[in-house]
Amino acid sequence: MSARTAPATATALLSAAALLLPATAAHASAPSGAHASVRLGADDEPAVIAHRGASAYAPENTLVAIDLADRMGFDWVENDVQRTKDGELVVVHDDSLARTTNVEQVFPGRAPWKIKDFTAAEIATLDAGSWFGPEFAGARVPTLKQYVNRVERNRQKLLLEIKKPELYPGIERDTLRVLRKAGWLNRHNVKHRLVIQSFGVDSVKAVHAQRPDLTTGFLGTPAVADLPEYARFTDQINPTHTSITADYVAAVHKLKGAHGKRLQVNTWTVNTAAAATRVDEFGVDGIITNNPDIVRDAVGE
């Protein structure tokens, strides 16, 4: 969907200047040894998490998408992290740059345009906005450092996904290094503002082993019988909304996660009012959505 078709309330918040605003540095701080589990939603309503930013209305995973989520009033944003050829972490969903940038035009001879085959400097030259709409021309693929600095500036919270960790051995340690240097592993952020998730069981385990104070989430729908094993190393079970029932959510909630608190459920990707109402009735803790305004109106967050 282009921003041209967004609801008027969202469109009114867009600003061309948002594409060019500089990311400011986060406050430096020392890692915390405190053990705590981030709680997303209120007791009676789920948190609404802007999936790749307000991605129904702005190009996904760009700074303008998280700025728009902020202007729409959403604290939580979700993103995807992968690694370049020269070791830089960048925020992109697909393992190829083809869908969301002009890489095919800029580097026509380098199919299939995998992120791992390009340097950070090469990726920085790409247009990551025009595919979504001409008003977003010039948006860039942010580095993880740029991204978290912008989240910090906006005073938002981050659900960070380590994407396809099997392609990037050691990406967990790299991710934690960037977060630490950016000031994101201080006591306050660890307790209130940061969750790291992945589809990769080993990746979630690696984050938990390296920073046991951090809140982690597993993306998927493990069998109920297997949930106690997951609860040993994670704090959240984050399944697709089409795979869950009220009974499944209740089964997750019966268990305590890695930090001794009730396992949470954040479900994705919920983009209609009907689906939001359905999962809200199941008792989920968070709803990940491309359309955060629609979900907020449906569940009253």
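1. A helix or a strand here is a DSSP run, at least four residues long for a helix and at least two for a strand, numbered from the N terminus. With that in hand, we can place a residue: Arg-39 sits in the loop that runs between helix H1 (8–11) and strand S1 (47–51). Please keep in mind as you read that this is a predicted model.

2. Now for the whole protein. You can find twelve helices and nine strands in it. Of its 301 residues, 56% are buried. The protein exposes about 12200 Å², and carbon and sulfur atoms supply 53% of that area. Among contacts with a separation of 6 or more, 66% are between residues 24 or more positions apart.

3. Back to Arg-39, and on to its charge. Which residues gather with Arg-39 in a patch of positive charge on the surface? They are Arg-187, Lys-191 and Lys-261. Residues in such a patch need over 30% relative accessible area. Arg-39 has a relative accessible area of 33%, so this residue counts as partly exposed.

4. Next come the charge pairs. Side chains of opposite charge can pair when their charged atoms come close. The count for this protein comes to 17 salt bridges. One of them joins Asp-67 to Arg-150, with 2.5 Å from N to O. Asp-67 belongs to helix H2 (residues 63–71) and Arg-150 to helix H5 (residues 144–154), so this pair ties together parts that are 83 residues apart in sequence.

5. Is that pair buried or exposed? Asp-67 is buried, with a relative accessible area of 1%, and Arg-150 is also buried, at 0% relative accessibility.

6. A salt bridge at the surface is worth a look too. Glu-229 and Arg-232 meet through their side chains, at 3.8 Å from N to O. Glu-229 has a relative accessible area of 43%, so Glu-229 is partly exposed. Arg-232 reaches 60% relative accessibility and therefore counts as exposed.

7. Finally, try following a chain of charges on the model. Glu-60 and Arg-52 form a salt bridge whose closest N and O atoms are 3.1 Å apart, and both of these residues are buried. Which residues are linked with Glu-60 and Arg-52 in a network of salt bridges? Asp-80, Asp-94 and Arg-99 are linked with them in that network.

Note on methods: Residues are numbered from 1 along each chain as its sequence is written. This is a predicted model: local features need pLDDT of at least 70, side-chain atom pairs count only at pLDDT 80 or more; totals for chains, interfaces and linings use all residues. Side-chain values use heavy atoms; hydrogens and water are left out. Patches are made of residues with over 30% relative accessible area and no salt bridge: like charges are joined within 9 Å, nonpolar side chains (Val, Leu, Ile, Met, Phe, Trp, Tyr) within 5 Å. Accessible areas come from the Shrake-Rupley method with a 1.4 Å probe; for residues, only the protein chains shown count as cover. A salt bridge is a side-chain nitrogen of Lys or Arg within 4 Å of a carboxyl oxygen of Asp or Glu. Lys and Arg count as positive and Asp and Glu as negative; His and the chain ends are not counted. The place of a charge is taken as NZ of Lys, CZ of Arg, CG of Asp or CD of Glu. Buried means under 20% relative accessible area, exposed over 50%, partly exposed in between (1.4 Å probe, protein chains only). Contact means heavy atoms within 4.5 Å.
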